[in-house]
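This report describes the fold of a single protein chain, proceeding from its strands to the packing of its helices. The sequence and the structure are shown first.

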Amino acid sequence: MNAVIEDSNIVVETHDLTRKFGKFVAVDKLNIAVKRGEIFGFLGANGAGKTTAIRMLCGLLEPTSGTGTVAGFDIVKQAERIKSRIGYMSQKFSLYNDLKVEENLEFYGGVYGLDSRALKQHIHETLERMNLQHVRTKMTAELPLGWKQKLALGAALMHNPDIIFLDEATGGVDPVARRDFWDMIHDLAAHGKTIFVTTHYMDEAEYCHKISIMHQSRVLIQGKVGDLKVQTGMKTVEELFKHVVTQGDSA
Ligand SMILES: Nc1ncnc2c1ncn2[C@@H]1O[C@H](COP(=O)(O)OP(=O)(O)OP(=O)(O)O)[C@@H](O)[C@H]1O
Ligand SMILES: [Mg+2]
(Lines give C-alpha, C1' and ligand atoms only; values in the text may rest on other atoms or scores of the structure.)
(Ligands and ions follow the chains in the order given, each with its own letter.)
Protein backbone atom coordinates (compact mmCIF):
# COMPACT_ATOMS: atom_id res chain seq x y z
CA MET A 1 0.00 0.00 0.00
CA ASN A 2 1.34 3.39 -0.96
CA ALA A 3 1.39 5.55 2.17
CA VAL A 4 2.26 8.84 0.45
CA ILE A 5 -0.34 11.47 1.31
CA GLU A 6 -0.54 14.18 -1.32
CA ASP A 7 -1.46 17.74 -0.35
CA SER A 8 -3.98 18.75 -3.01
CA ASN A 9 -3.35 22.41 -2.19
CA ILE A 10 0.17 22.23 -3.54
CA VAL A 11 0.17 23.51 -7.11
CA VAL A 12 3.89 23.82 -7.85
CA GLU A 13 6.27 21.20 -6.56
CA THR A 14 9.77 20.09 -7.47
CA HIS A 15 12.09 17.34 -6.28
CA ASP A 16 15.80 17.81 -6.93
CA LEU A 17 14.99 19.61 -10.17
CA THR A 18 18.26 20.15 -12.02
CA ARG A 19 19.29 21.69 -15.32
CA LYS A 20 22.75 21.66 -16.79
CA PHE A 21 24.03 23.50 -19.86
CA GLY A 22 27.02 21.38 -20.87
CA LYS A 23 29.00 21.01 -17.65
CA PHE A 24 27.53 24.14 -16.08
CA VAL A 25 24.77 23.49 -13.55
CA ALA A 26 22.27 26.35 -13.86
CA VAL A 27 19.71 24.90 -11.43
CA ASP A 28 20.99 22.49 -8.81
CA LYS A 29 18.54 20.21 -7.00
CA LEU A 30 15.66 22.63 -6.60
CA ASN A 31 13.06 21.57 -4.01
CA ILE A 32 10.06 23.86 -3.62
CA ALA A 33 6.38 23.53 -2.82
CA VAL A 34 3.91 26.35 -3.48
CA LYS A 35 0.30 26.25 -2.34
CA ARG A 36 -2.85 27.51 -4.03
CA GLY A 37 -3.41 31.21 -3.40
CA GLU A 38 0.14 31.78 -2.28
CA ILE A 39 2.44 34.55 -3.51
CA PHE A 40 5.81 32.90 -3.81
CA GLY A 41 8.82 35.19 -4.24
CA PHE A 42 11.56 33.36 -6.09
CA LEU A 43 14.50 35.61 -5.29
CA GLY A 44 18.12 35.48 -6.30
CA ALA A 45 20.98 37.48 -7.76
CA ASN A 46 21.52 37.81 -11.52
CA GLY A 47 22.37 34.46 -13.02
CA ALA A 48 21.19 32.50 -9.97
CA GLY A 49 19.04 30.24 -12.17
CA LYS A 50 15.53 31.65 -11.63
CA THR A 51 14.47 32.02 -15.25
CA THR A 52 15.91 28.61 -16.08
CA ALA A 53 13.83 27.07 -13.29
CA ILE A 54 10.69 28.91 -14.44
CA ARG A 55 11.22 27.74 -18.01
CA MET A 56 11.29 24.16 -16.73
CA LEU A 57 8.14 24.71 -14.65
CA CYS A 58 6.32 26.16 -17.66
CA GLY A 59 7.23 23.12 -19.74
CA LEU A 60 9.51 25.14 -22.03
CA LEU A 61 12.80 23.51 -21.07
CA GLU A 62 13.52 19.89 -20.17
CA PRO A 63 15.22 19.19 -16.85
CA THR A 64 18.49 17.26 -16.85
CA SER A 65 17.30 15.37 -13.76
CA GLY A 66 14.76 15.58 -10.97
CA THR A 67 11.00 15.97 -11.23
CA GLY A 68 8.30 18.57 -10.92
CA THR A 69 4.56 19.07 -11.15
CA VAL A 70 2.57 22.21 -11.94
CA ALA A 71 -1.22 22.21 -11.47
CA GLY A 72 -0.90 18.47 -10.89
CA PHE A 73 0.77 17.81 -14.26
CA ASP A 74 4.24 16.41 -14.78
CA ILE A 75 6.53 19.09 -16.23
CA VAL A 76 8.11 16.67 -18.70
CA LYS A 77 5.37 14.21 -19.65
CA GLN A 78 2.44 16.64 -19.53
CA ALA A 79 4.07 19.91 -20.52
CA GLU A 80 1.34 20.75 -23.06
CA ARG A 81 -1.40 20.45 -20.45
CA ILE A 82 0.50 22.77 -18.13
CA LYS A 83 0.53 25.53 -20.74
CA SER A 84 -3.26 25.92 -20.64
CA ARG A 85 -3.27 26.27 -16.83
CA ILE A 86 -0.57 28.90 -16.45
CA GLY A 87 -0.07 32.52 -17.38
CA TYR A 88 3.41 33.83 -18.00
CA MET A 89 4.68 37.37 -18.02
CA SER A 90 8.26 38.48 -18.37
CA GLN A 91 9.93 41.85 -18.29
CA LYS A 92 9.71 41.99 -22.07
CA PHE A 93 5.90 41.85 -21.84
CA SER A 94 5.46 40.42 -25.37
CA LEU A 95 2.70 42.85 -26.33
CA TYR A 96 2.25 44.04 -29.90
CA ASN A 97 2.91 47.78 -29.93
CA ASP A 98 1.23 48.25 -33.29
CA LEU A 99 -2.06 46.76 -32.05
CA LYS A 100 -4.70 48.61 -30.09
CA VAL A 101 -5.08 47.77 -26.39
CA GLU A 102 -8.20 45.65 -26.95
CA GLU A 103 -6.63 43.99 -30.00
CA ASN A 104 -3.76 42.72 -27.87
CA LEU A 105 -6.26 41.08 -25.50
CA GLU A 106 -8.17 39.69 -28.49
CA PHE A 107 -4.95 38.24 -29.85
CA TYR A 108 -3.96 36.52 -26.60
CA GLY A 109 -7.50 35.25 -25.97
CA GLY A 110 -7.47 33.82 -29.49
CA VAL A 111 -4.15 32.09 -28.92
CA TYR A 112 -5.67 30.39 -25.89
CA GLY A 113 -8.66 29.27 -27.92
CA LEU A 114 -11.46 31.36 -26.37
CA ASP A 115 -14.59 31.42 -28.54
CA SER A 116 -15.91 34.80 -29.67
CA ARG A 117 -18.47 35.13 -26.86
CA ALA A 118 -15.99 34.24 -24.11
CA LEU A 119 -13.43 36.48 -25.79
CA LYS A 120 -15.75 39.49 -25.70
CA GLN A 121 -16.63 38.84 -22.07
CA HIS A 122 -13.01 38.35 -20.98
CA ILE A 123 -11.81 41.46 -22.82
CA HIS A 124 -14.52 43.49 -21.08
CA GLU A 125 -13.67 42.04 -17.65
CA THR A 126 -9.93 42.45 -18.13
CA LEU A 127 -10.22 46.09 -19.19
CA GLU A 128 -12.40 46.77 -16.13
CA ARG A 129 -10.13 44.93 -13.73
CA MET A 130 -7.04 46.67 -15.04
CA ASN A 131 -8.75 50.05 -15.22
CA LEU A 132 -7.96 50.36 -18.91
CA GLN A 133 -11.45 50.85 -20.40
CA HIS A 134 -10.72 54.46 -21.34
CA VAL A 135 -7.70 53.49 -23.47
CA ARG A 136 -9.15 50.39 -25.08
CA THR A 137 -8.87 51.79 -28.64
CA LYS A 138 -5.48 53.45 -28.12
CA MET A 139 -2.39 52.07 -29.79
CA THR A 140 -0.41 50.02 -27.29
CA ALA A 141 2.79 51.88 -28.24
CA GLU A 142 1.30 55.09 -26.83
CA LEU A 143 0.71 53.72 -23.31
CA PRO A 144 3.00 54.59 -20.39
CA LEU A 145 5.09 51.60 -19.23
CA GLY A 146 3.03 51.03 -16.07
CA TRP A 147 -0.17 50.71 -18.14
CA LYS A 148 1.51 48.41 -20.63
CA GLN A 149 2.49 46.27 -17.69
CA LYS A 150 -1.12 46.04 -16.51
CA LEU A 151 -2.22 45.21 -20.03
CA ALA A 152 0.40 42.45 -20.24
CA LEU A 153 -0.83 41.01 -16.96
CA GLY A 154 -4.38 41.17 -18.33
CA ALA A 155 -3.23 39.33 -21.47
CA ALA A 156 -1.57 36.65 -19.34
CA LEU A 157 -4.87 36.19 -17.46
CA MET A 158 -7.19 36.01 -20.49
CA HIS A 159 -7.56 32.21 -20.29
CA ASN A 160 -8.18 32.31 -16.53
CA PRO A 161 -5.06 30.35 -15.52
CA ASP A 162 -4.60 28.91 -12.01
CA ILE A 163 -0.96 29.89 -11.73
CA ILE A 164 0.78 33.02 -12.91
CA PHE A 165 4.52 33.21 -13.41
CA LEU A 166 5.86 36.76 -13.26
CA ASP A 167 9.52 36.88 -14.19
CA GLU A 168 10.79 40.37 -13.34
CA ALA A 169 7.51 41.74 -14.58
CA THR A 170 7.91 45.12 -12.87
CA GLY A 171 11.35 46.08 -14.17
CA GLY A 172 11.66 49.77 -14.97
CA VAL A 173 8.19 50.69 -13.70
CA ASP A 174 7.76 53.60 -11.28
CA PRO A 175 6.96 52.95 -7.58
CA VAL A 176 3.31 54.05 -7.78
CA ALA A 177 2.62 51.80 -10.77
CA ARG A 178 4.44 48.96 -9.02
CA ARG A 179 2.28 49.44 -5.92
CA ASP A 180 -0.85 49.33 -8.10
CA PHE A 181 0.42 46.21 -9.77
CA TRP A 182 1.02 44.54 -6.42
CA ASP A 183 -2.48 45.44 -5.25
CA MET A 184 -3.71 43.46 -8.25
CA ILE A 185 -1.40 40.57 -7.43
CA HIS A 186 -2.80 40.42 -3.91
CA ASP A 187 -6.32 40.56 -5.22
CA LEU A 188 -5.63 37.69 -7.62
CA ALA A 189 -4.10 35.61 -4.82
CA ALA A 190 -7.09 36.35 -2.56
CA HIS A 191 -9.24 34.87 -5.36
CA GLY A 192 -7.24 31.65 -5.31
CA LYS A 193 -4.66 32.29 -8.02
CA THR A 194 -1.14 31.21 -7.24
CA ILE A 195 1.55 33.75 -8.02
CA PHE A 196 5.13 32.72 -8.68
CA VAL A 197 7.21 35.86 -8.94
CA THR A 198 10.82 36.87 -9.42
CA THR A 199 11.94 40.39 -8.65
CA HIS A 200 15.06 42.33 -7.79
CA TYR A 201 12.99 44.90 -5.88
CA MET A 202 13.16 43.95 -2.22
CA ASP A 203 10.14 46.10 -1.31
CA GLU A 204 8.12 43.76 -3.54
CA ALA A 205 9.61 40.73 -1.83
CA GLU A 206 8.09 42.03 1.41
CA TYR A 207 4.62 41.58 -0.13
CA CYS A 208 5.19 37.85 -0.73
CA HIS A 209 3.76 35.17 1.56
CA LYS A 210 6.76 32.91 1.09
CA ILE A 211 10.16 33.44 -0.46
CA SER A 212 13.16 31.44 -1.47
CA ILE A 213 16.61 32.92 -2.00
CA MET A 214 18.69 31.33 -4.72
CA HIS A 215 22.39 31.86 -5.21
CA GLN A 216 24.69 30.23 -7.74
CA SER A 217 22.08 27.68 -8.83
CA ARG A 218 20.99 26.63 -5.34
CA VAL A 219 18.24 27.69 -2.97
CA LEU A 220 19.93 28.73 0.27
CA ILE A 221 16.87 29.48 2.36
CA GLN A 222 13.07 29.39 1.98
CA GLY A 223 9.98 29.88 4.08
CA LYS A 224 7.47 32.46 5.25
CA VAL A 225 8.88 35.98 5.20
CA GLY A 226 8.12 36.59 8.91
CA ASP A 227 9.58 33.23 9.99
CA LEU A 228 12.80 33.80 8.06
CA LYS A 229 13.27 37.23 9.61
CA VAL A 230 12.85 35.78 13.10
CA GLN A 231 15.14 32.85 12.29
CA THR A 232 17.96 35.10 11.04
CA GLY A 233 17.36 38.19 13.18
CA MET A 234 17.00 40.35 10.06
CA LYS A 235 14.46 43.16 9.92
CA THR A 236 13.85 43.39 6.19
CA VAL A 237 13.97 41.04 3.22
CA GLU A 238 16.74 43.23 1.80
CA GLU A 239 18.90 42.60 4.89
CA LEU A 240 17.97 38.94 4.81
CA PHE A 241 18.91 38.67 1.14
CA LYS A 242 22.34 40.26 1.65
CA HIS A 243 22.97 38.17 4.76
CA VAL A 244 22.10 34.89 3.04
CA VAL A 245 24.01 35.64 -0.15
CA THR A 246 27.12 36.80 1.74
CA GLN A 247 27.05 33.62 3.82
CA GLY A 248 26.58 31.61 0.61
CA ASP A 249 29.67 33.27 -0.89
CA SER A 250 31.85 32.50 2.11
CA ALA A 251 30.62 28.90 2.45
N1 LIG B 1 20.45 28.37 -22.88
C2 LIG B 1 21.50 28.54 -22.08
N3 LIG B 1 22.72 28.06 -22.41
C4 LIG B 1 23.79 28.22 -21.58
N5 LIG B 1 23.74 28.85 -20.38
C6 LIG B 1 22.55 29.34 -20.01
C7 LIG B 1 21.37 29.23 -20.83
N8 LIG B 1 20.32 29.81 -20.17
C9 LIG B 1 20.84 30.29 -19.02
N10 LIG B 1 22.15 29.99 -18.92
C11 LIG B 1 23.02 30.32 -17.80
O12 LIG B 1 22.45 29.82 -16.61
C13 LIG B 1 22.65 30.72 -15.52
C14 LIG B 1 21.32 31.06 -14.90
O15 LIG B 1 20.62 31.91 -15.79
P16 LIG B 1 19.14 32.42 -15.50
O17 LIG B 1 18.73 33.23 -16.65
O18 LIG B 1 18.30 31.27 -15.13
O19 LIG B 1 19.40 33.34 -14.22
P20 LIG B 1 18.39 34.31 -13.46
O21 LIG B 1 18.42 33.94 -12.03
O22 LIG B 1 17.09 34.34 -14.16
O23 LIG B 1 19.14 35.73 -13.62
P24 LIG B 1 18.55 37.22 -13.81
O25 LIG B 1 18.20 37.71 -12.43
O26 LIG B 1 19.73 37.98 -14.37
O27 LIG B 1 17.39 37.15 -14.75
C28 LIG B 1 23.40 31.92 -16.09
O29 LIG B 1 24.77 31.76 -15.84
C30 LIG B 1 23.12 31.83 -17.57
O31 LIG B 1 24.16 32.40 -18.32
MG1 LIG C 1 15.98 35.80 -15.12
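## Pairing of strand β1

Strand β5 (residues 65-70) is joined to β1 by 5 bridges, and the two strands run antiparallel. The model is a predicted one. Two residue pairs illustrate the register of this pairing: Glu-13 stands opposite Thr-69 in β5, and His-15 has Thr-67 in β5 as its bridge partner.

Strand β1 (residues 10-21) also pairs with strand β3 (residues 33-35), in the antiparallel sense and over 3 bridges. In that pairing, Ile-10 stands opposite Lys-35 in β3. A further antiparallel pairing, of 4 bridges, joins β1 to strand β2 (residues 24-30).

## Two hairpins

The strands β1 and β2 form a hairpin with 2 residues between them. Phe-21 stands opposite Phe-24 in β2, and Gly-22, in the turn, has a positive phi of about 65°.

A hairpin is likewise formed by β5 and β6, with 2 residues between the strands. Strand β6 (residues 73-74) is joined to β5 by 2 bridges, and the two run antiparallel. Thr-69, which stands opposite Glu-13 in the pairing of β1 with β5, has Asp-74 in β6 as its bridge partner. Ala-71 in this hairpin takes a positive phi near 55°.

## Overall composition and dimensions

The chain contains 9 helices and 11 strands. Its C-alpha trace spans about 55 × 45 × 35 Å along the principal axes. How does the radius of gyration of the chain, 19 Å, stand against that of a compact globule? For 251 residues a compact globule would have a radius of gyration near 18 Å, so the value for the chain agrees.

## The open six-stranded sheet

Strands of a sheet pair through backbone hydrogen bonds, either parallel or antiparallel. In this chain, an open sheet of 6 strands has mixed pairing and the order β7-β8-β9-β4-β10-β11. Its edge strands are β7 (86-90) and β11 (218-224), each of which pairs on one side only. The twist from one strand to the next averages 15°.

At the β11 edge, strand β10 (residues 210-215) and β11 run antiparallel and are joined by 6 bridges. Within this pairing, Lys-210 has Lys-224 in β11 as its bridge partner. Helix α1 (residues 50-57) packs on the sheet, where it touches β4 (39-44), β7, β8 (163-167), β9 (194-198) and β10. The direction of α1 makes about 140° with that of β4.

## Helices α8 and α9

Helix α8 (residues 225-232) lies across β10 and β11 and runs at about 110° to β11. Helix α8 also packs with helix α9 (residues 237-250), at an angle of about 55° and with the axes 10 Å apart. The two helices are therefore oblique to each other, and α8 passes α9 in a left-handed crossing.

Which residues form the contact between α8 and α9? From α8, Val-225, Leu-228, Lys-229 and Thr-232 take part, and they meet Val-237, Leu-240 and His-243 in α9. By class, this contact has 4 nonpolar, 2 polar and 1 charged residues.

## Helices α3 and α5

A second helix pair consists of α3 (residues 101-111) and α5 (residues 145-156), whose axes come within 9 Å and cross at roughly 25°. Helix α3 is therefore roughly parallel to α5, since angles under 35 degrees count as such. Their crossing is right-handed.

In this contact, Val-101, Asn-104, Leu-105 and Tyr-108 in α3 meet Leu-151, Gly-154 and Ala-155 in α5. The residues divide into 5 nonpolar, 2 polar and no charged. The contact of α8 with α9, by comparison, includes 1 charged residue.

Key: Residues numbered from 1 in each chain as written. Chains lettered and ligands numbered in written order. Predicted model: local features only at pLDDT ≥ 70, side-chain atom pairs only at ≥ 80, totals over all residues. Heavy atoms only, no water. Axes fitted to C-alpha atoms, helices over the stretch in contact; angles between N-to-C directions. Parallel < 35°, antiparallel > 145°, perpendicular 65-115°, else oblique. Left-handed = near helix turned anticlockwise from the far one by under 90°. Contact = heavy atoms within 4.5 Å. Nonpolar A, V, L, I, M, F, W, Y, C, P; charged D, E, K, R; others polar. Pairing = 2+ DSSP bridges. Rg over C-alpha atoms; globule rule 2.2 N^0.38 Å.
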